[in-house]
Amino acid sequence: MPATTAVVERSTALPVSADAAYAWHERPGAFERLLPPWERVSVVEQVGGLRDGASMVLRVRSGPVSLRWVSRHRDTLPGRRFVDEQVQGPFSRWIHFHRFDPDGPASSRMTDRIEYAPPLGAAGAAAAPLIRPRLERLLAYRHTLLRDDLEAHARFGPTTPLRVAVTGASGLLGRALVPFLTTGGHEVLRMVRRRASGLKEISWQLQTGRIELEKLDGVDAVVHLAGENIGARWTAERKRRIRESRGIGTRFLCEALARLRRPPKVLVTASAVGIYGTRGDEILTEASPMPDAPPDFLVEVGREWEAATEPARAAGIRVVMLRFGVMLSPAGGLLARILLPFRAGLGGPLGSGRQWLSWISIDDAVGALYHAIMTDALRGPVNATAPQPVTNEEFTVTLARVLARPGVLRVPAPALRLLLGEMGQVAVLGSARVIPERLTQAGYRFRHPALEGALRFVLGRETS
């Protein structure tokens, strides 16, 4: 090994055999599932699986710079090891050893060892103190995620692989859900709003009223995540698109499912905690009454959204409506939008800061979806929020602490109303203190029940 080469290594006990852990890495979506959400890396091409000579091409972005990274597999021993070696990319040397050692009949130990050398020889050595912590964060994230994913799948025991159709597969939640399902051994069919490309896609086009019913016939489950983004100023046109994509789009899909000769056993559809309206400090569960006062826009949308699932329910399909809180991921949504000002020390509470924020980590959102698919007792509305909601001020203080930055620059409510209009008043200054009562009663175990742990994990800021 050259003198300039450094080594980072991590080893973790896994709750499955070495063969099962290796098999997880062979399945579609394994690399995508292990990508930390704070890294700007995308897969351009994969050829050959884990066989010797197989390759992977990545696109790595850092600020305005975009790099091509090509790696090749070698020294593969099925069930025990494989090696990735960089053949083109940003390092002078990069070899990643993956090893899986048996540790009993149903457990194993996985070890990752990365040998690397910065570019530009001695001149690049100055970057070494920055590279090592980044790689340690990478391995810590990957090992924790893999262990938790394996436990989540094992919780339901040996299961027959499912065929799952997913709308909104390219969105924030869909990008996390699809590789979770495929690495668990399930088959995913992506429902797309264009002409389908291949057998793994199903075209559904609301505007033309066309849907490829023959490809949906016989699927085991449908997960409906598609919908217009609400996180921008609500113009009349945007509000029309929001309502159409949720209410009309959901009804169109459900009417199609009801016509199938072999309909799915379960439909899990996204809803949102906005359906409860602004309720101050009131603790809200699925049994809480809906607001009597004239509803705001999000309440109206939520009611229309959930009512649109009726054709599927009437056809005998088990329907679960997951009322999601704010999903936490630096790859998109609220957290991605506020990271830059917070990292610059310009973050702070919004309005009074006393309004409640019901949140959920991106991986618990995926976990709630899977739990809903696999749990026959769940049906109807189910709150998909962490069990510990926080006020906006608590959220601010916690995020600032995780980032080691101040978070004291309060944004007055009038400024938010001026900047964001109705969206600011309802979605930002509104207060909903939501508890996941039915999800907890159904046995779901949260990976991240508390805010600080969730933020540290998704941002790669976990303490030693």
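This is a short tour of one sheet, two helices that lie across it, and a serine elsewhere in the chain. Keep in mind as you click around that the model is predicted.

**Stop 1: the sheet.** Start by colouring the strands in the order β11-β10-β9-β8-β12-β13-β15-β19. You're looking at an open sheet of 8 strands with mixed pairing. Now pick out the edges: β11 (210-211) and β19 (380-384) each pair on one side only.

**Stop 2: one strand pair.** Select residues 266-272, which is β13, together with 318-324, which is β15. These two strands run in the parallel sense and pair over 7 bridges. For a single rung to look at, show Thr269, whose bridge partner in β15 is Met321.

**Stop 3: the helices across the sheet.** Next, add residues 236-258, helix α7. Helix α7 lies across β8 (163-167), β9 (187-192), β10 (201-205), β11, β12 (221-224) and β13. Line your view up with β12 and you'll find α7 running at about 170° to that strand. Then bring in α8, residues 297-307, which lies across β13, β15 and β19. Here the strand to compare with is β13, since α8 runs at about 175° to β13.

**Stop 4: where the helices meet.** Hide the strands for a moment and keep both helices. The axes of α7 and α8 come within 7 Å and cross at roughly 20°, so α7 counts as roughly parallel to α8. Turn on side chains for the contact: from α7, take Lys239, Ile242, Arg243, Arg246, Gly247, Thr250 and Arg251; from α8, take Phe297, Glu300, Val301, Glu304, Trp305 and Ala307. What's the mix by class between α7 and α8? Colour them and you get 5 nonpolar, 2 polar and 6 charged residues.

**Stop 5: Ser11.** Finally, jump to strand β1 (residues 6-14) and centre on Ser11. Is Ser11 buried, exposed or partly exposed? With a relative accessibility of 34%, Ser11 falls in the partly exposed class, because that class spans the range between under 20% (buried) and over 50% (exposed).

Show what surrounds this serine: leaving out residues up to four places away in sequence, Ser11 touches Arg109, Met110, Thr111 and His143. Two of these are worth a distance label. The side chains of Ser11 and Arg109 are joined by a polar contact of 3.2 Å, and a polar atom of the Ser11 side chain lies 3.5 Å from the backbone oxygen of Met110. For a last label, draw a line from the C-alpha of Ser11 to that of Arg113: the separation is 8.7 Å, though the two residues are 102 apart along the chain.

Key. Residues numbered from 1 in each chain as written. Predicted model: local features only at pLDDT ≥ 70, side-chain atom pairs only at ≥ 80, totals over all residues. Heavy atoms only, no water. Pairing = 2+ DSSP bridges. Helix = DSSP H or I, 4+ residues; strand = E, 2+ residues; numbered from the N terminus. Contact = heavy atoms within 4.5 Å. Axes fitted to C-alpha atoms, helices over the stretch in contact; angles between N-to-C directions. Parallel < 35°, antiparallel > 145°, perpendicular 65-115°, else oblique. Nonpolar A, V, L, I, M, F, W, Y, C, P; charged D, E, K, R; others polar. Buried < 20%, exposed > 50% of the residue type's maximum accessible area, 1.4 Å probe, protein only. Polar contact = N/O pair within 3.5 Å; in protein donor to acceptor, adjacent residues only side chain to side chain.
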